[in-house]
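This briefing sets out selected features of a single protein chain, grouped by topic. Please read it with the sequence and the structure in view.

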Amino acid sequence: MTLGARLASYEVVRERRAALDRRRAREFETFAAGAAGRLLHAAVLLTGEPPDAAPRAQRLLIAALSRTYAEWDRLSGDDGEDPYDRARRELVLRFAREAAWRAPARRGRRGRRAGGVLGELGPQERVVLVLRLYEGLAEEQTAALIGLPVERVRVVCARAVAAMRERARRRGTRPGPSGLREAGR
């Protein structure tokens with residue numbers, strides 16, 4: 001094979017690779033546009049940050065999406081794992097690792113508890129509630145995702161729901177039809 005023929009074949013391979021990379025980027029952009037909002041909301045619930053100022057939740061989301069993009073070729077095939085499931089798992093596992101690192105005080109950088117609706121709950125309880133109630137995963141799926149026995153997930157969920165009900169009772173609020181808290185009813 002002559003030098004010119006080799007260069008031409010390398011150019012063809014390079015063009016094919018560039019076309020595949022562009023397609024991969026478009027597919028991932030479409031996925032991220034559809035999934036980022038829901039994943040960010042899950043991250044905000046996990047971190048307890050206010051939705052309008054959630055740098056920790058945004059960092060979790062970016063890390064989860066980055067890892068998902070790095071594995072996109074494996075995920076996007078017919079026999080691959082669902083990309084949303086992969087991104088959600090990465091988000092939850094990163095939160096759990098970060099929460100374990102901060103575990104002794106269960107507090108933020110400035111010594112405050114996490115805020116939000118789930119702020120009084122521990123990280124494990126928040127993860128279980130977000131996965132079970134917000135994401136709608138079954139107990140078995142939740143247990144497999146976070147590496148706990150199914151019975152433990154059931155107990156943690158029941159304890160967290162009871163704590164949320166007690167908190168609502170103390171404050172004189174209850175869930176309204178829209179899922180928001182309504183005072184006095």
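A residue is called buried when its relative accessible area is under 20%, exposed when it is over 50%, and partly exposed in between. By that cut-off Glu139 is buried, because its relative accessible area is 18%. The model discussed here is predicted. The chain has 185 residues, of which 34% count as buried, and its secondary structure comes to 7 helices and 2 strands.

**Order of elements**

- Read from the N terminus, the elements run α-α-α-α-α-α-α-β-β.

**Helix H1 and a nonpolar surface patch**

- Helix H1 covers residues 3-47 and includes Tyr10.
- Tyr10 is classed as exposed because its relative accessibility is 54%.
- Together with Leu3 and Leu7, Tyr10 makes a nonpolar surface patch of about 370 Å².

**Phe95 in helix H4**

- Phe95 belongs to helix H4, which spans residues 83-101.
- With a relative accessibility of 1%, Phe95 counts as buried.
- Phe95 and Leu46 are 49 residues apart along the chain, yet their C-alpha atoms are separated by 7.4 Å.

**Helix H6 and its contacts**

- Glu139 is part of helix H6, which comprises residues 139-146.
- The side chain of the buried Glu139 makes a polar contact with the side chain of Arg154, at 2.9 Å.
- Glu140 is also placed in helix H6.
- A relative accessible area of 48% makes Glu140 partly exposed.
- The C-alpha atoms of Glu140 and Glu151 are separated by 9.2 Å, the two residues being 11 apart along the chain.

**Helix H7: length and two sides**

- Which span should the 22 residues of helix H7 (residues 150-171) have at 1.5 Å a residue? The expected value is 32 Å, and the end C-alpha atoms are 32 Å apart, so the two agree.
- The buried residues of H7 are Val153, Val156, Cys157, Ala160, Met164, Arg167 and Ala168.
- These buried residues lie on the same side of H7, because they cover an arc of only 105° around the axis.
- On the other side of H7 are the exposed residues Arg165, Arg169 and Arg170.
- Gly172 follows H7 and has a positive phi, near 75°.

**Salt bridges centred on Glu71**

- Side chains of opposite charge can pair when their charged atoms come close.
- The count of salt bridges comes to 24.
- Glu71 is buried, at 15% relative accessibility.
- One salt bridge joins Glu71 to Arg74, with the closest N and O atoms 2.8 Å apart.
- Arg74 counts as partly exposed, since its relative accessibility is 49%.
- Glu71 also meets Arg86 in a salt bridge, at 2.8 Å from N to O.
- Arg86 lies in helix H4, whereas Glu71 lies in the loop between helix H2 (55-70) and helix H3 (72-75), so this pair ties together parts that are 15 residues apart in sequence.
- Both partners of this pair, Arg86 and Glu71, are buried.
- A network of salt bridges links Arg67, Glu71, Arg74, Arg86, Glu90, Arg94 and Arg97.

**A salt bridge from helix H7**

- Arg171 and Glu120 form a salt bridge in which the closest N and O atoms are 3.6 Å apart.
- This pair links distant parts of the chain, 51 residues apart: Arg171 is in helix H7, and Glu120 is in the loop between H4 and helix H5 (123-134).
- Arg171 is exposed, with a relative accessible area of 53%.
- Glu120 is partly exposed, with a relative accessible area of 37%.

Notes: Residues numbered from 1 in each chain as written. Predicted model: local features only at pLDDT ≥ 70, side-chain atom pairs only at ≥ 80, totals over all residues. Heavy atoms only, no water. Patch = residues over 30% accessible without salt bridge, like charges linked within 9 Å, V, L, I, M, F, W, Y side chains within 5 Å. Areas by Shrake-Rupley, 256 points an atom, 1.4 Å probe, with all protein chains shown as cover. Salt bridge = Lys/Arg side-chain N within 4 Å of Asp/Glu carboxyl O. Helix = DSSP H or I, 4+ residues; strand = E, 2+ residues; numbered from the N terminus. Buried < 20%, exposed > 50% of the residue type's maximum accessible area, 1.4 Å probe, protein only. Expected span 1.5 Å × (residues − 1). Arc of directions from axis to C-beta. Polar contact = N/O pair within 3.5 Å; in protein donor to acceptor, adjacent residues only side chain to side chain.
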